[in-house]
Amino acid sequence: MFLSHIYTFLVAFTSIFFEVSCSSSEFSLDGDYLLGGLFPLHEAEHAETLFSPEAIECFRQTSSDSGYQMFQVMRFAVEEINNSSTLLPNVSLGYEVFDYCSDTKNFPSVFSFISQNGSIKPKEKLNSHQTKVIALTGPYGNTRTITIAPLITMDLIPLVNYGATSYTLSNKLQYPSFIRTIPSNKDLIQMIIHIIKWFGWNWVAFLGDPDSKEGLQLFNNYIRNTGICLAYQEIISQSANYSLTLQKIDKLNINVIVVFTVPQYAKNIIKAAITNNIRDKVWIASETWSMNQQLLKEPGIEKIGTIIGITERFLSLPGFNDFIYKTKETTEVYPNDNTESEIHTNTCNQDCDNCSLVTAEENINEDPTFSFAIYAAIYTIAHALHKVLHCNMNQCNKNTTVKPYMLLGEITKLNFPLNGRQVKYDDNGDPAVSYAVVIWHTVTNPPWIEMVGTYDTYPEIYFTIDNLLMPWGNNTSSIPFSNCSVECKEGFSREHVGYHDCCFLCNKCPQNSYVNYSRDPYICFPCAENEWSDGGSVTCQTRSVIYLQFTDIPSIALIFSNICLITLLIIMVFIFAYNYNTPMVRSAGGNMSFLMLVCLIMSCLSAFFFFGEPTSVKCMLRNVLFTFYFTVCLSCLAVRAFQIVCVFKMNEFPNVHRLWVKNNGQWIVVTSFSVFYFSVCVMWMTFGPPKPFSDLLSFKQQIFLSCKMGHVISTSTVAFINVVLGALCILFSYMARDLPKNYNEAKSITFSIIFYIVIWIAFYTATFFINSKDNFLMNALVQISSIYGILFCYFLPKSYIMLFQPKKNTAAYFQTSIQNYTQTISRS
């Protein structure tokens, strides 16, 4: 509603009955259907503050050769279509073109376009109102387009634009009749980001003009999560201090500068860079000035660095050069034509004093950035009209009443080839993107522009740059550096420094961790328990699982030794059984010696459970079997040592000795201790049993499967009991050191216990210097060695006498030894 009031006010303010009388052979052409055109033939370089309602006179402003070329492209396209026998046959297109140098001056032009027979009736319905033009193209620039677009929208006149890139115009709710033939800011910004990422830059500056605030906003949105940091940004005006801006950028060590402006601002920035001796920068030029021929030839531009531009894909317009030459020849033949002289007396913005002074060569060599866009705009309107008029290859139905909104409905459905490119539009009225990346060769004479890359979105997104064509060639080390921080080496994580994400320090990931740059470059992730890595890694490797194998050579040797030990013990049982009633067997303990041998055999079985993959049963048996049976054997040795002392040293206590012998004291002690120790082992296996565990620390690349001893208190209690038994054995053996040689078992017991203690001390000492696998191998070896110690020190000497010295295994021999000992004691 508010827009309608403004519209009505402007129309009423201009005049209720508005008539335009402009005649110019170059600015207008009669035809069956009229097209409108708005082109910047003049540019107001410096905006002046007006204190009265007066319009800027375009012909007094700076003339634009580029704008004049755009105008000629439209004339060429219309002439080409009118001469076509297949597109709009027997239908002619006309046009009326106005100079667009300011918003205020342009309103009369727009009112002329939307008028009917020189008048405007705002309240008239679409189906009854016939505007002067069926469609129009232009103007150049976002602000200029947004200013007039609402007026064009009121009548749904197709505004097929060639020079407005604002993404806001893609909103069909606000601008339903807006169509463009150049990509929007969104596509241009994405293209710039593609270039920055292609060369690995992340420390950039963005300079824009007041018309490019949307581009800056889109740039900030699209660089999120890309690793690109916008180190400096500024929207500059014509009166800005360009030198100060460039000094700030140079001080921040920014080497890539995006110049997202119209040519007037870009010219000021480049000239300031030359004046301030700004060197070795990379300038990314937006589409508006990337092909600017005047800046290309600016003195000193070769010193400021490399200029990379983005433009529409180069497409020649066949016949355009001939058209320009023909047009100029016609103009020169009639230099004083009365019609041409009327240009200076017209009241409309169709004055162009310098247009006739532009040579054909200057026109042809001017910036071609928007040539194809204008060419495609005119052909888009023509193809839509072709559809509305139901044309075939020979003729069109001229009886059809053509309304602008009819063309608008057909434009969104178009898909036609034009000079090697497919022209089609999406739901927002935006075309398929077909950009070219260009490089300015400013050090050559004359300077020139070369295409080095492409960016297309149809039929799929494709972007590439030929690095060999870049000024730094194929030597990648020469690519200009524009990063806040040097990229971390492989295996190093980042650490934030300052505000920007791309400013960081590099830290080497420790052992058993890795950095995954795609996941999070700022974290060293720990490896899983079954994995390992060296310091500075990007992946983890799977650890191999190891344990004591039956097939290992040390294991085979140990198992063989254990089998031999069991065999010897069994042989010893048979020897003792065969000599059961001899004095040597009785002196060795009689029946108790068999208990000791059986306990030693059972202890040997524990060594077999050290090999193979550990399980809960194996872990318990490898410890409890040896600990229980070997400790029972030790208790028997302690009792035997005590019993010898009682026989020979405690005669003064006959009652005690008698009770000990009568009640089989040795068996009571051994049985009681065995029951007690069995209960201790049961508690150990119940509350803190040995369990399988994975040793992750001993080997970097391997996981060693072994057994954990269990609860500390339980383990310590079991070990303490063994220590006490060993101490008692040594104590009683020491008391019986001077007994008869044949009865002096104390010496054998002492050697057995000392050997047992020494090898276990050596084992516990070695655990501090050997790794886990050897540690458990040593554990099995120490257990077997302990049994070997008792076998060789206690049982083997007696077996030797029984087998090879039977004379010493008689009652008389033993009696003689006792009598000699008694006489020795008596004499002393």
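**The six-stranded sheet**

Begin by selecting the open sheet in this predicted model, in which six strands are arranged in the order 1-5-2-6-7-8 with mixed pairing. Its edges are strand 1 and strand 8 (178-180), each of which pairs on one side only.

Next, display strand 6 (residues 135-137) together with strand 7 (residues 159-161). These strands are parallel and are paired over two bridges. Which residue of strand 7 stands opposite leucine 136? The residue to highlight is leucine 159.

**The whole chain**

Zoom out to the full model before continuing. The secondary structure consists of 24 helices and 27 strands. The protein has 828 residues, and 51% of them are buried. Colouring contacts by sequence separation would draw on the following value: among contacts between residues at least 6 apart in sequence, 71% join residues at least 24 apart.

**Salt bridges**

Side chains of opposite charge can pair when their charged atoms come close. Across the whole structure, 10 salt bridges are found; three of them are visited here.

Select lysine 398 and aspartate 32 as sticks. Their closest N and O atoms are 3.5 Å apart, and the two residues form a salt bridge. Lysine 398 is in the loop between helix 13 (371-388) and helix 14 (404-411), while aspartate 32 is in the loop between strand 1 (28-29) and strand 2 (33-39), so the pair ties together parts that are 366 residues apart in sequence. Lysine 398 is partly exposed, with a relative accessibility of 42%, and aspartate 32 is also classed as partly exposed, at 40%.

Move to lysine 326 and glutamate 79, whose side chains meet in a salt bridge with an N to O distance of 3.0 Å. Here distant parts of the chain are linked: lysine 326 belongs to helix 10 (residues 320-333) and glutamate 79 to helix 2 (residues 65-82), 247 residues apart. Lysine 326 counts as partly exposed at 43% relative accessibility; glutamate 79 is partly exposed with a relative accessible area of 28%.

Then select arginine 494 and glutamate 487. Their side chains form a salt bridge at 2.6 Å, N to O. Is arginine 494 buried or exposed? Arginine 494 is buried, because its relative accessible area is 18% and the buried class covers values under 20%. Its partner, glutamate 487, is partly exposed at 44%.

**A hairpin and the loop beyond**

Select strand 21 (residues 513-516) and strand 22 (residues 520-526). They run antiparallel and are joined by four bridges. The connection between strand 21 and strand 22 is a hairpin of three residues. Within this pairing, label valine 515 and its bridge partner in strand 22, cysteine 524.

Continue along the chain to alanine 528, which sits in the loop between strand 22 and strand 23 (531-532). Alanine 528 is partly exposed, at 38% relative accessibility. Draw a distance from its C-alpha atom to that of asparagine 512: the separation is 8.5 Å, although the two residues are 16 residues apart along the chain.

**The enclosed cavities**

Rolling a probe the size of a water molecule over the atoms shows where empty space is left. The structure holds four cavities of 30 Å³ or more, and the largest cavity contains about 160 Å³ of space. To find the largest cavity, select Asn142, Thr165, Phe260, Val262 and Thr288, which are the closest to its centre among its 17 lining residues. Colour the lining by class to see five nonpolar, nine polar and three charged residues.

**The second largest pocket**

Finish at the second largest pocket, where about 750 Å³ of space lies. Its lining has 28 residues; centre the view on Met709, Ala719, Trp760, Phe763 and Tyr764, which lie nearest the pocket centre.

Which elements each supply at least two residues of this lining? Show helix 18 (616-649), strand 27 (702-708), helix 21 (712-735), helix 22 (745-766) and helix 23 (772-804). Helix 21 provides the largest share, with eight residues. Colouring the lining of the second largest pocket by class gives 17 nonpolar, 10 polar and one charged residues.

Technical notes
Residues numbered from 1 in each chain as written. Predicted model: local features only at pLDDT ≥ 70, side-chain atom pairs only at ≥ 80, totals over all residues. Heavy atoms only, no water. 1 Å grid on protein atoms, 1.4 Å probe; cavity = no way out; pocket = protein on both sides within 12 Å on 5 of 7 lines; lining within 4 Å. Points joined across faces, edges and corners; volume = space filled by probe spheres on them. Nonpolar A, V, L, I, M, F, W, Y, C, P; charged D, E, K, R; others polar. Salt bridge = Lys/Arg side-chain N within 4 Å of Asp/Glu carboxyl O. Buried < 20%, exposed > 50% of the residue type's maximum accessible area, 1.4 Å probe, protein only. Pairing = 2+ DSSP bridges. Contact = heavy atoms within 4.5 Å.
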